Amino acid sequence: NMFNQGLFSGSWDLPSFYNTHVIWDASWGVETQDASLLPYTINTAVTTVNLPTLNANSQVKTTQDNLRIVTSPTERMELVAAFRYHDHADNSESFAFYPVYSAQTQSTTAYHNLPYSYRRETVKLALSYDLGRHIRPFIRYRYQEYHREFVAVGRTRSNRVLAGLNMNVGPMVQFRLTGDYGRRNGSFYMGSYRTQLEATGVYVAAADTNPTANLGVWEWDPLMQMFWFANRTRTGGQFSVDVTPPGPVYVSLNGQYNNDSYSDTTLGLLSNRNQTYSLDVGYTPSRTISSNAYFTYQRINWGQAGIYFPGFNYSQAFNFADYWHLASSQPMYMAGLNVKDRDLYIGLPHPVGLTFNASYSYSSAGIDVTTGSALASKAGAMPQITMRCLHFGVTGNYHFSPRLALQLGVAWERYLTSNWQYTNVAPGTIGPSDPAITMGIGSPDYSVTWTTLAIRYLF
């Protein structure tokens, strides 16, 4: 393998033109690969056809340009515009291969390597304005277009708008609030099973005998992520409040919310919602002693749809009666405490740095089968899992001299679960055509104590 790249960059300052700054960089690269290919098999008793080529003889060319302009039309206003272009051109040739299974039988079906090329273009715009009294609103916009080859989703476009406000409420309180909306659209699909589903309600897979003509057969595309949910709507928001009054105490409160909706999805992820809130309180009574306690709450909700192929025969026709829909809500709680003393005297010639930390977390996760004849009989068997984790740790640092230091740490952790097994299913009753969730035969619970020792010397 070999890779060569050239880079050019430059910047210009135009103070007489609204104090404008221009930054540009560009790079060009070429990567080649000509290593010899391995044989189909080392089993000399198997007769195989010749490899289509002795080596991959691959070549990939990359081009990237970045342009950023920052200007201030007024003392209070700032405008930013940026453009990014990235091109990944895979000029490798596609060949037909006939793999050998179990080192005994060579396939009669050709499998083709598909060179993967893509081009990504991104435009960003930002505006911020100082209203005075420590208030600064801003708005940002991003447009991105993605072109791909040899995948079912050939082109995607995304737009995102983010607006927010930074504000200082006096000398002790900093506040930040943001909200965003984005939309991602996929188009130029090189074949789509969804078209057949909407037209007839039945889909029949085709054999991948011609990769150029059958790129839309989703179960054969190695780079196809089986989703029509390239179309996505995302909404979200975030806030933070930091309070730093005079004295040893500080308080920080943060919250974040994201909601993804895949309204055009037939199979795959339908929705995903994530919300997180955290509270952090710190106390620093002296120059060498500091501590903080925190609490975090998070909840993840998602829903997805799939389809059941009897006997896992993916070329068999199916209909909408075999659909299944799953939904899950997963809450998580975490609390912790950290205490650090960097200058603790315990009768030794030099002080000891001591750190103590403790945390406890709880989470639960379950899957509900809302519809679908294929999984209806297994609805009560889906595990509803709860997980708890308790952790304690102590670490000490001792400096024998400015150059030599010793660190010793001890930690203990206990992890407990409940209802982790796949219940309501008798042994030997799950066949090859039954849906199942595998989590291992042993309990994942554990309790562990570990010790760390480190010696550091500064030369």
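Contact here means heavy atoms within 4.5 Å. The model is predicted.

The protein has 459 residues, of which 31% count as buried. Its secondary structure comprises one helix and 22 strands. Contacts between residues at least 6 apart in sequence were examined for range; 62% of them join residues at least 24 apart. The accessible surface amounts to about 27300 Å². Carbon and sulfur atoms account for 58% of that surface.

Gln-275 lies in strand β15, which covers residues 268–283. The relative accessible area of Gln-275 is 17%. Buried means under 20%, so Gln-275 is classed as buried. The side chain of Gln-275 forms a polar contact of 3.3 Å with the side chain of Tyr-277. With neighbours within four places in sequence set aside, Gln-275 touches five residues by name: Gln-256, Tyr-257, Tyr-297, Gln-298 and Arg-299 are in contact with Gln-275.

Tyr-333 belongs to strand β17, spanning residues 323–344. Its relative accessible area is 33%. That value falls between the 20% and 50% limits, so Tyr-333 is partly exposed. Outside the window of four places in sequence, Tyr-333 is in contact with Phe-295, Thr-296 and Tyr-297, and also with Tyr-360, Ser-361 and Tyr-362. For Tyr-333 and Tyr-362, the C-alpha to C-alpha distance is 5.2 Å, across a sequence separation of 29 residues.

Tyr-297 appears in both contact lists: Tyr-297 is in contact with Gln-275 and with Tyr-333.

Note on methods: Residues are numbered from 1 along each chain as its sequence is written. This is a predicted model: local features need pLDDT of at least 70, side-chain atom pairs count only at pLDDT 80 or more; totals for chains, interfaces and linings use all residues. Side-chain values use heavy atoms; hydrogens and water are left out. Helices (H or I, at least four residues) and strands (E, at least two) are DSSP runs, numbered from the N terminus. Buried means under 20% relative accessible area, exposed over 50%, partly exposed in between (1.4 Å probe, protein chains only). A polar contact is a pair of N or O atoms within 3.5 Å; within protein, one must be able to donate a hydrogen and the other to accept it, and residues adjacent in sequence count only if both atoms are side-chain atoms. Accessible areas come from the Shrake-Rupley method with a 1.4 Å probe; for residues, only the protein chains shown count as cover.
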